[in-house]
Amino acid sequence: MTMFQKSCRILAFILMAFLIGCSGEETQEIEEVYQVKGRYLSTDINGEYISVVHEAVPDVMHSMRMNMRIENASVAEGLETGDVIAFELFRTNAGWYIRNIEVLPPDTELDLAEELRNPGL
């Protein structure tokens with residue numbers, strides 16, 4: 001086999017690996033999971049994100065207001081603006097998501113920064 005033929009085979013192998021990687025079958029391996037509490041504010045029109053204010057996640061992020069991707073639209077069904085919630089915040093190679101949302105009693109204390117305690121409900 002000539003050097004040219006070997007180079008062509010290697011190039012073909014690399015191209016196949018690239019095409020398989022681009023096939024749309026991206027796996028979303030879960031890297032980290034955190035238990036978080038916060039207050040539900042809203043769901044976006046496409047049902048892909050919810051807006052929440054949440055407590056700090058130690059060594060990850062401060063308490064803040066943010067839009068977070070949900071695993072699927074059904075996890076936000078039945079939520080009402082102002083609900084106190086507990087949820088799993090998890091990280092994959094594709095980003096951060098929320099799942100397993102549970103509504104908590106309305107008098108549940110949240111450890112939020114002062115400016116987040118009344119997010120304009």
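In strand 5, Glu102 is the bridge partner of Ala86. Keep in mind that this is a predicted model. Ala86 also has a partner on another strand: Lys37 stands opposite Ala86 in strand 4. Start from this residue and the pairing of the strands can be followed outwards.

Take strand 4 and strand 5 together. The two run antiparallel, and seven bridges join them. A hairpin of two residues connects strand 4 to strand 5. Now turn to strand 1. Strand 1 and strand 4 also run antiparallel, and nine bridges join them. How many residues of strand 4 are buried? Eight of its nine are, so strand 4 is mostly covered.

Next, look at the nonpolar residues. The largest nonpolar core has 17 residues. Those with the most contacts inside this core are Ile50, Ile85, Phe87, Leu89, Ile98 and Ile101. Which elements give two or more residues to the core? They are strand 1, strand 2 (49-54), strand 3 (64-70), strand 4 (84-92) and strand 5 (95-103). A second core of eight residues is separate, and it includes Val84, Ala86, Leu104 and Leu116. Ala86, the starting point of this tour, thus belongs to the second core. A general rule is useful when you look at any strand. In a regular strand the side chains alternate between the two faces of the sheet.

Phe87 deserves a closer look. Set aside its neighbours within four places in sequence. Phe87 is then in contact with Tyr34, Gln35, Val36, Lys37 and Gly38, among others. Its contacts also include His54, Ile98, Arg99, Asn100 and Ile101.

Now for the charges. Side chains of opposite charge can pair when their charged atoms come close. The structure holds three salt bridges. One of them is formed by Glu32 and Arg91, whose closest N and O atoms are 3.5 Å apart. This pair links distant parts of the chain: Glu32 is in strand 1, Arg91 is in strand 4, and 59 residues separate them. Buried or exposed, or in between? Glu32 has a relative accessible area of 25%, so it counts as partly exposed. Arg91 is partly exposed too, with a relative accessible area of 33%.

Another salt bridge joins the side chains of Glu88 and Arg99, at 2.6 Å from N to O. Glu88 is in strand 4 and Arg99 is in strand 5, eleven residues apart, and this pair too links distant parts of the chain. Both Glu88 and Arg99 are buried. Glu114 and Arg117 make a salt bridge as well, with their closest N and O atoms 2.8 Å apart. Glu114 is exposed, because its relative accessible area is 58% and the cut-off is over 50%. Arg117 has 48% relative accessibility, so it counts as partly exposed.

Which charged residue is buried yet has no salt bridge? Arg39 is such a residue. Arg39 is found in strand 1 (residues 30-43). The nearest side chain of opposite charge is Asp83, and it is 7.3 Å away. A salt bridge needs the atoms to be within 4 Å, so Asp83 does not qualify. What lies 2.8 Å from a polar atom of the Arg39 side chain? The backbone oxygen of Gly82 does.

Arg39 also appears among the contacts of Ser51. Ser51 lies in strand 2. At 6% relative accessibility, it counts as buried, because the cut-off is under 20%. Leave out residues up to four places away in sequence. Ser51 then touches Arg39, Tyr40, Leu41 and Ser42, and also Arg65, Met66 and Asn67.

Two residues remain, and the topic is the backbone. Asp59 is not a glycine, yet it has a positive phi of about 65°. Asp59 is found in the loop between strand 2 and strand 3. At 85% relative accessibility, Asp59 counts as exposed. Asn100 is not a glycine either, and its phi is positive at about 50°. Where is Asn100 found? Its place is in strand 5. Asn100 has a relative accessible area of 49%, so it is partly exposed. Asn100 was also named above, as one of the contacts of Phe87.

Definitions and conventions:
Residues are numbered from 1 along each chain as its sequence is written. This is a predicted model: local features need pLDDT of at least 70, side-chain atom pairs count only at pLDDT 80 or more; totals for chains, interfaces and linings use all residues. Side-chain values use heavy atoms; hydrogens and water are left out. Helices (H or I, at least four residues) and strands (E, at least two) are DSSP runs, numbered from the N terminus. Buried means under 20% relative accessible area, exposed over 50%, partly exposed in between (1.4 Å probe, protein chains only). Lys and Arg count as positive and Asp and Glu as negative; His and the chain ends are not counted. A polar contact is a pair of N or O atoms within 3.5 Å; within protein, one must be able to donate a hydrogen and the other to accept it, and residues adjacent in sequence count only if both atoms are side-chain atoms. A nonpolar core is a set of buried Ala, Val, Leu, Ile, Met, Phe, Trp, Tyr and Cys residues joined through side-chain atoms within 4.5 Å. Contact means heavy atoms within 4.5 Å. Two strands pair if DSSP finds at least two bridges between them.
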